[in-house]
Structures are given as structure tokens and as C-alpha cells.
Amino acid sequence: MPLKLADNISLTIHDLAFGGEGVGRVDDFVVFVPFVIVGETVEVEITEVKKNFARAKLLRVVTPSPERVAPECRYFTQCGGCQYQHIEYGAQLRFKHKQIADLFERVGKIPRDVVASVIPCPSPYGYRNRIMIRSQWNGPAKKLEIGYIRADNNFVVDIEECKIAEPALNAQIKGVRANPPPKGGLKVVLRVQPENWDVPESSFFQNNFFLLPKLVGTVRDFLKAGGAKHLVDLYCGVGFFGIETADMVESFVGVESDQLAIKAARKNAAARNIQNGEFIAAQVEEILPELMQRWGGISGEPVLADDQPGARERPPRQSNIAVILDPPRKGCWPETLQLLRETKPAQVIYVSCHPATMARDLNILCADGVFKLARVQPLDMFPQTQHVECVADLRAGQNLAKPPLMNSN
Ligand SMILES: C[S@@+](CC[C@H](N)C(=O)[O-])C[C@H]1O[C@@H](n2cnc3c(N)ncnc32)[C@H](O)[C@@H]1O
């Protein structure tokens, strides 16, 4: 191992890994450094040495990248919320695209050319409609910190404003700071309610209103290209995708474990006079077998990959069902994926804000050619941060008409 703690060394950055850290090398030994850009030469201090890699703190940028820009936020590098404010926005999109293509190739064995370029957010700052503010008593400083978790440890960094949050939330931060509990321990979610959607206080809604039209547009384009007549919207929240695509299908059903969200989903559908859908409060993994049976998915036949003997002679499965999966960050239960492999709906549209678990699940769905991946469309729902939303279009069997590429302007 060529390095030890507190060494000061010079590094050239070769890549930006998922999570946002730059990758440099000393004699093939990997060193991760935050807040750098590919191509830069930097001076760093080694802060952690493991068997196969080290971590370092950025001391000085010796040769800055032409894509380096001034961050808008005065807390950037202390606050753990943002990783990319020092990178010009167009370059952020390019780096995120490469990270997703690399990850999907490695974990999901997915060819790079199915990953479309990342759709940008029209508002790269001031976009977040939901944030969590914490408070913590700082004993040594005898001071209450009110803000976000720090970048380098689990303490709270005191903030007066957040540049990626909507202006209305910054006004709310002032209110929280004006009335904190004396010794800390406060955790408060601040949010801007979406117009025309009923969303209970603790229920999920998409975090970035500015990119919602493109997110819905992507799902609609995929659904149209797949041509299914019936939709199963799993992990449906307050009914967002089912309601936004209700006009494209004869019928749909939404499933969600949050009972209050399901009540809201029914209200959201009724407010739009949508009558071709139903919403069920249930755990997806528990209700899916019954649902797929009811909707005609299960035939009892074993699933054969297209290139397995016997697969070609069998009449093509006339499944008219598309399934939307929009699970929490941990992804889908293995039983759910297995059932989808067995019932083989014509199309699965997988929406996720966690590409690593998504790649794992796509790998399972696509094993032995049971599903084929037509396209992955990333959307930058979380500018300035390491996070990115992806929508994947999977087709069963021969149903592989590709969706059109979205115009990303
Ligand atoms: C990422 S959100 C998606 C919500 C919705 N599709 C939308 O776009 O607003 C994931 C949702 O899955 C729900 N959920 C988590 N685990 C679940 C489970 N096992 N069964 C059903 N719903 C679940 C959560 O309550 C949350 O509303």
C-alpha cells in the first residue's frame, strides 16, 4: 500500500464515480476525492486508507478544469446535500450519463447505447419542493445548529438558506430557525404542495415540479410505444402515473401501501373525472399474484427465453398489460420480480431515483432474455447533487418496437 494517513500528495483525476467523488490513482491504488473534476490535477491530504482504496480531502486545485464554476451556495463542501455545484451544469449531465451507462453495463450487463442522454432540469437551482431540516446541540461551541447533515460527518451544519430549494421553502427555513427547540433534536419536513394534487403530509410526491412534464412525457412515450391496453401502476403513491396516463389505456389499477395516499389517489382521480381506474391499498408483493391472475397474466406455462427451444413455436403471448414500477430506493422485492418474469406482461416501465438498485432489478428481469431493455431515459430531477432519476422501458418477448428519443431541450 503506497499511502498512509495524513500524506499530502498530488493527483490527476480520471473519472467521477457514482456518489460524486473523483477517482485518482497512485501506482494503480485508487484514491477518492470529493469536489474535483475529471482532468484536474489536485493536491490532497489522505484521510482514510483501506485495503483496496483510500479517501482524501481536497487541499488545492493545481490545474482547474475549464468546466469548473463558482458554487452558488456558501455552505457547499461543508453541507452534505450537494456534490456538484463546482461543475458547469452541462458537464454535470454528461458525467451523470457516463456514471449511469458505466453502472448499468457493470451491474446490469446492459449495453451503453440504450441509455439516452440526460434530460436537463429547466431550473438547476431553486427546484426542490421538499427538504428535511434538523437541529442539533453543538456542545463544544455551546450553540444550536439548524440545517442539514454535513458532508464529512453525521453532525448538522447550520444553514440559513438552501440554494437548491424552492424560494418558498427558504422562507419556511426562516420560520423554523425563529422557533427551534432549546436543545435540538428537531426534524422537520418542509414542502411546497403541488397544485391540483391532494397529497397527505407524510405521503410521497415527486421532488421537482420543473421536470414533471418531461417525466410524465417519458412514461407516456414508453407506454405509447408498448401499446398495452391495461396498466398496473405499482407503488403508485397518490396515483401520479396512473392518473397522468389514464387516457391512454382502457383500464388501470394503482397499488400503494400508504393508506392515506390511496385515499388521496381516489380523490385525485375523481377531481379529474377519471373513471377507468381503481386504487388498492396493499403491499405490492402481497397483492401482485392475485392481481396478475385477475388481469390474465398467469398462464401456468414456464417462461422460455426467445432463443430457447420451443419458444418460437408457441403463439406470442397476447398480453395487453403494462406494469409501472416506481419502488422506494431499496428497489423491488425478489418475489415481485420473479412473478413478473413468470407472468410476462407485455411491458414493464421501471421508474427509479436509485440507479444501483434499478440496475440490479433490471438484471433480474432481463436474465435469460425474459425481458429486453429497449431504452433507459435519465432525467436530472436533482441538479447539483449525485442523484438522478431513470425511466427504463422493458418489453417481453418480441414486443420490441423502440420508443422515440425524447427531445432533451
Ligand atoms: C418512489 S415513491 C413513488 C410514488 C408514485 N409512483 C409517484 O410518482 O408519486 C414509492 C412509493 O412506494 C410506496 N411503497 C413502499 N413500499 C411499498 C410496498 N411494499 N408496497 C406498496 N407500496 C409501497 C411508498 O409509500 C411510496 O409512495
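Reader: Why is Cys162 called buried?
Author: Its relative accessibility is 7%. Buried means under 20% relative accessible area, exposed means over 50%, and partly exposed lies in between, with a 1.4 Å probe and protein chains only as cover. Cys162 therefore counts as buried.

Reader: What kind of model is this, and how are its residues numbered?
Author: This is a predicted model, where local features need pLDDT of at least 70, side-chain atom pairs count only at pLDDT 80 or more, and totals for chains, interfaces and linings use all residues. Numbering starts from 1 along each chain as its sequence is written, and side-chain values use heavy atoms, with hydrogens and water left out.

Reader: How do you know whether Cys162 is bonded or unbonded to Cys82?
Author: Check the sulfurs. A disulfide is a pair of cysteine sulfur atoms within 2.5 Å. The closest cysteine sulfur to that of Cys162 is in Cys82, 6.3 Å away, so it is too far for a bond.

Reader: How many disulfides does the structure hold?
Author: The count is 0. Cys73 is one of the cysteines in no disulfide, and its nearest cysteine sulfur, in Cys79, is 6.4 Å away. Cys73 is also buried, because its relative accessibility is 14%.

Reader: What makes a residue a neighbor of the ligand, and which come nearest?
Author: A residue is near a molecule if one of its heavy atoms lies within 4 Å of it. There are 16 residues around the ligand, and Gln206, Tyr235, Glu256, Val284 and Asp326 come nearest. By class, the shell has 9 nonpolar, 4 polar and 3 charged residues. Here Ala, Val, Leu, Ile, Met, Phe, Trp, Tyr, Cys and Pro count as nonpolar, Asp, Glu, Lys and Arg as charged, and the others, Gly among them, as polar.

Reader: Which helices each supply at least two residues of that shell?
Author: Helix H4 (240–244) and helix H6 (284–294) do. Helices here are DSSP runs of H or I with at least four residues, strands are runs of E with at least two, and both are numbered from the N terminus.

Reader: What makes the pairing of Asp326 with the ligand a polar contact?
Author: A polar contact is a pair of N or O atoms within 3.5 Å; within protein, one must be able to donate a hydrogen and the other to accept it, and residues adjacent in sequence count only if both atoms are side-chain atoms. An N or O atom in the side chain of Asp326 is 2.9 Å from a nitrogen atom of the ligand. That distance falls within the cut-off, so the pair qualifies. For Glu285, the side-chain distance to a ligand nitrogen is 3.1 Å. For Gln283, a polar side-chain atom lies 2.9 Å from a ligand nitrogen. The ligand taken alone exposes 600 Å², and the protein buries 88% of that. Such areas come from the Shrake-Rupley method with a 1.4 Å probe.

Reader: What makes the phi of Ala6 worth a look?
Author: Most residues other than glycine have a negative phi. Ala6 is not a glycine, yet its phi is positive, about 75°. Ala6 sits in the segment before strand E1 (8–16). It is partly exposed, because its relative accessibility is 49%.

Reader: Is Gln384, with phi near 75°, buried or exposed?
Author: Buried, because its relative accessible area is 2%. Gln384 lies in the loop between strand E15 (371–379) and strand E16 (389–396).

Reader: Why is Asp27 called exposed?
Author: Its relative accessible area is 66%, so Asp27 counts as exposed. Asp27 is in the loop between strand E2 (22–26) and strand E3 (29–33).

Reader: How do you know that Ser203 touches Asp258?
Author: Contact means heavy atoms within 4.5 Å. Leaving out residues up to four places away in sequence, Ser203 touches Arg191, Val238, Asp258, Leu260 and Ala261. Ser203 is buried, because its relative accessible area is 2%.

Reader: Why is Tyr350 called buried, and what joins its side chain to Asp361?
Author: Its relative accessible area is 0%, so Tyr350 is buried. It belongs to strand E14 (residues 347–352). A polar contact of 2.6 Å joins the side chains of Tyr350 and Asp361. Tyr350 and Leu325 are 25 residues apart in sequence, with C-alpha atoms 4.7 Å apart.
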